[in-house]
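Let's take a walk through this fold, one piece at a time. Keep the viewer open and follow along.

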Amino acid sequence: MISEKELLVNRFISIPKDMGTFNCGAFVAGIVRGVLDSAGFPAVVTAHFVPMEGQQRPRTTILIKFAEEVLQREARLG
């Protein structure tokens, strides 16, 4: 997981009210996925809002789930 209190793209991009809770952090998740994939670590990468008590804006968490092949490879390498 990558957790960011105020992700830069969420701070400077306004979302229309009809798009609800759209998270521009999905763009960042796509960049992270591309970097991991290019480095030989295929993964599913998603962006999520996590509400923070006492904060007006929610925290953004980038969740990374590596492909099974990566986990098996890393287990073999120890």
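A good place to drop in is Thr61: leaving aside neighbours within four places in sequence, this residue is in contact with Met1, Ile2, Ser3, Thr46, Ala47, His48 and Val50. Bear in mind that what you're looking at is a predicted model. Thr61 sits in strand β3. Is Thr61 buried or exposed? Its relative accessibility is 8%, and since the cut-off for buried is under 20%, Thr61 counts as buried.

Step back one residue and you land on Thr60, also found in strand β3. Thr60 is buried too, with a relative accessible area of 2%. Again setting aside neighbours within four places in sequence, the contacts of Thr60 are Ile2, Ser3, Glu4, Leu7, Asn10, Asn23, His48 and Phe49.

Now zoom out to the sheet. In what order do the strands run? The order is β1-β3-β2, three strands in an open sheet with antiparallel pairing. The edges belong to β1 (2-4) and β2 (43-50); each has a single partner strand, so one side of each is left without a neighbour in the sheet. From one strand to the next, the twist averages 15°. As a reminder, strands of a sheet pair through backbone hydrogen bonds, and they can do so either parallel or antiparallel. Here, β1 and β3 (residues 59-66) are joined in the antiparallel sense over three bridges. If you want a spot to check by eye, Ile2 stands opposite Ile62 in β3.

What packs on this sheet? That's helix α2 (residues 25-38), which touches β2 and β3, and its direction makes about 155° with that of β2.

On to helix α1, where you'll find Val9. Leaving out neighbours within four places in sequence, Val9 is in contact with Cys24, Gly25, Phe27 and Val28. For another distance to try in your viewer, take Val9 and Asn23: they are 14 residues apart in sequence, and their C-alpha atoms are 9.1 Å apart in space.

Between α1 (8-12) and α2 there's a loop, and Ile13 is located in it. With 41% relative accessibility, Ile13 counts as partly exposed. Which residues share a nonpolar surface patch with Ile13? Ile15, Met19 and Phe22 do, and the four together have about 340 Å² of accessible area.

Last stop: helix α3 (residues 68-77). This helix is hardly covered, with one buried residue among its ten. Following α3 comes Gly78, whose phi is positive, near 75°.

There's some electrostatics to look at as well. Side chains of opposite charge can pair when their charged atoms come close. How many salt bridges does the structure hold? Just one, and the partners are Glu74 and Arg73, with their closest N and O atoms 3.5 Å apart. That fits the salt-bridge cut-off, because the nitrogen has to be within 4 Å of the carboxyl oxygen. Glu74 is partly exposed at 36% relative accessibility, and Arg73 is partly exposed as well, with a relative accessible area of 26%.

Definitions and conventions: Residues numbered from 1 in each chain as written. Predicted model: local features only at pLDDT ≥ 70, side-chain atom pairs only at ≥ 80, totals over all residues. Heavy atoms only, no water. Salt bridge = Lys/Arg side-chain N within 4 Å of Asp/Glu carboxyl O. Buried < 20%, exposed > 50% of the residue type's maximum accessible area, 1.4 Å probe, protein only. Pairing = 2+ DSSP bridges. Helix = DSSP H or I, 4+ residues; strand = E, 2+ residues; numbered from the N terminus. Axes fitted to C-alpha atoms, helices over the stretch in contact; angles between N-to-C directions. Contact = heavy atoms within 4.5 Å. Patch = residues over 30% accessible without salt bridge, like charges linked within 9 Å, V, L, I, M, F, W, Y side chains within 5 Å. Areas by Shrake-Rupley, 256 points an atom, 1.4 Å probe, with all protein chains shown as cover.
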